[in-house]
Amino acid sequence: MIPVSVVTGFLGAGKTTLLRRVLADPAWADSAVIVNEFGEVPLDHELLAASEEVLVNVSTGCLCCVVRTDLTATLMDLARRRASGELPAYRRVLIETSGLADPAPILHALMTDAAVAETHRLCAVVTLVDALHGAAALDRHPEARRQAMLADRILVTKPDLGDAAALGAVLAGINPDAPLRAAAHGAVEPGWLFAPGSPIPLPGPEARHSAGLGSIVIEREAPVPALALTLWMQALAEHCGARLLRLKGLVALAEEPARPMVVHAIQHVVHPPDWLERWPGGDRRTRIVLIGQGIPRHFPVRLLAAIEAEVAGSLR
Ligand SMILES: Nc1nc2c(ncn2[C@@H]2O[C@H](COP(=O)(O)OP(=O)(O)OP(=O)(O)O)[C@@H](O)[C@H]2O)c(=O)[nH]1
């Protein structure tokens, strides 16, 4: 039986940060990872693929709606290739859901598919809730609430940025049975993600979703000047506020185009940027995905063009 752990949590809660940390541990690098993202351009697998020897399968689209059967098919396909020796004998599977996934139909599919149940053991449903934005997300987004309700263990992330104890009290009201812990930057011992917990009840197959969410993708060849990027992200976060649920991207910076800068913003908070050592897959274009509610489609790219022109003008 191959152990499986489902890692879920609202947009930007810290799922990829946690998985990167787990996979960087040599004792846990022999894990297969299935990542699902909302938005037309997948980025998480690029961020995870930075740690080598990891199996990542991506399907964009909502895992809980459109590609639910893809998940069971992907799991079984991996298991077949593992058994035939085509893939290394990975010892466990981590499934990272999209931040907008309602886990109910995903768990339903995993628990009711006969072939999966014969070969895999669902060990845990780990829900990450961000101490900074989590309480508001639980309030506004049915997906976030369902993620917390269906967890068999909860990790409060970003305790360095928000009040983890206050969030813990809210979460205890939503899911009193799930053991709760807090950790910054995914600093939990990986074994916790697979440790035996209480039996996971079978949820119904239906998904609940927030209305009016959409993704906007920006792709461009020309590198972006650092000053223009900084001003653009600040302006977007300030202007869109709570409507900007998530921004993430790989950016070719004019000052350092040889490696990608990784940018993140969640609502009005722009997180410090990070770097990858090299461009994954040789594609050196900037790729930024925004997920928002009611943000006009052309607004971000026009704002960037206006700021770039302003910055270029001020340097002349
Ligand atoms: N300060 C702080 N930042 C964190 C922590 N955990 C994650 N982050 C930052 O939060 C941002 C989003 O983290 P991700 O790991 O990409 O979040 P995610 O849940 O995978 O995001 P989606 O896949 O878009 O839903 C990044 O800038 C991380 O560096 C934490 O504990 N403390």
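This section describes the domains, the strands and helices, and the ligand surroundings of a predicted model.

The chain is divided into domain 1, covering residues 2-193, and domain 2, covering residues 213-315. The centres of the two domains, taken over C-alpha atoms, are separated by 26 Å. Contact between the domains involves 15 residues of domain 1 and 20 residues of domain 2. On the side of domain 1 that touches domain 2, the residues divide into 9 nonpolar, 4 polar and 2 charged.

The ligand is surrounded by 20 residues, of which Gly14, Thr16, Gly99, His264 and His271 come nearest. Two elements, helix 1 (15-24) and strand 9 (244-253), give two or more residues to this shell. The largest share, 3 residues, comes from helix 1. By class, the shell holds 10 polar, 6 charged and 4 nonpolar residues. Both domain 1 and domain 2 contribute residues to the shell, so the ligand lies between them. Helix 1 also contains arginine 20. This arginine has 17 C-beta neighbours inside 10 Å and therefore counts as partly exposed, since burial requires 20 or more. Arginine 20 and alanine 89 are 69 residues apart in sequence, and their C-alpha atoms are 20 Å apart in space.

Several strands that lie within the bounds of domain 1 pair in the parallel sense. Strand 1 (residues 2-9) and strand 5 are parallel and share 8 bridges. Within this pair, glycine 9 stands opposite leucine 128 of strand 5. Strand 5 is also joined to strand 6, in parallel, by 5 bridges. Here the bridge partner of leucine 128 is leucine 155 in strand 6. Leucine 128 thus appears in both pairings, opposite glycine 9 and opposite leucine 155. Strand 5 spans residues 120-130, and 9 of its 11 residues are buried, so this strand is largely enclosed by the rest of the structure.

Strand 2 (residues 31-37) is mostly covered, with 7 of its 7 residues buried. In a regular strand, side chains alternate between the two faces of the sheet. In strand 2 both faces are covered: Ser31, Val33, Val35 and Glu37 are buried on one side, and Ala32, Ile34 and Asn36 on the other. Strand 2 pairs with strand 4 (residues 92-96) in the parallel sense over 5 bridges. Valine 33 has leucine 94 of strand 4 as its bridge partner.

Helix 7 (residues 142-149) has the buried residues Glu143, Ala144, Arg146, Gln147 and Ala148. These buried residues pack against strand 1, strand 5 and strand 6, and also against helix 4 (103-112), helix 6 (134-140) and helix 8.

A second group of strands forms an open sheet of 5 strands in the order 8-12-9-10-11, with antiparallel pairing. Strand 8 (213-220) and strand 11 stand at the edges with a single partner strand each, so one side of each is left without a neighbour in the sheet. Neighbouring strands of this sheet are turned by 15 degrees against each other on average, direction ignored. The antiparallel pair of strand 8 and strand 12 (residues 286-293) is joined by 8 bridges. In this pair, arginine 220 stands opposite threonine 286 of strand 12. Helix 9 (residues 226-240) lies across strand 9, strand 10, strand 11 and strand 12, and runs at about 175 degrees to strand 9.

Two loop residues are notable for their backbone angles. Lysine 158 has a positive phi of about 55 degrees although it is not a glycine. This lysine is placed in the loop between strand 6 (153-157) and helix 8 (164-174). Lysine 158 counts as buried because 26 C-beta neighbours lie inside 10 Å. Glutamine 267, another residue other than glycine, has a positive phi near 55 degrees. Glutamine 267 is found in the loop between strand 10 (256-266) and strand 11 (269-275). With 21 other C-beta atoms within 10 Å, glutamine 267 is buried.

Methods
Residues numbered from 1 in each chain as written. Predicted model: local features only at pLDDT ≥ 70, side-chain atom pairs only at ≥ 80, totals over all residues. Near = placed C-beta within 6 Å. Helix = DSSP H or I, 4+ residues; strand = E, 2+ residues; numbered from the N terminus. Nonpolar A, V, L, I, M, F, W, Y, C, P; charged D, E, K, R; others polar. Domains from an automatic or database assignment. Buried ≥ 20, exposed ≤ 12 C-beta atoms within 10 Å, placed from the backbone. Pairing = 2+ DSSP bridges. Axes fitted to C-alpha atoms, helices over the stretch in contact; angles between N-to-C directions. Contact = placed C-beta atoms within 7 Å.
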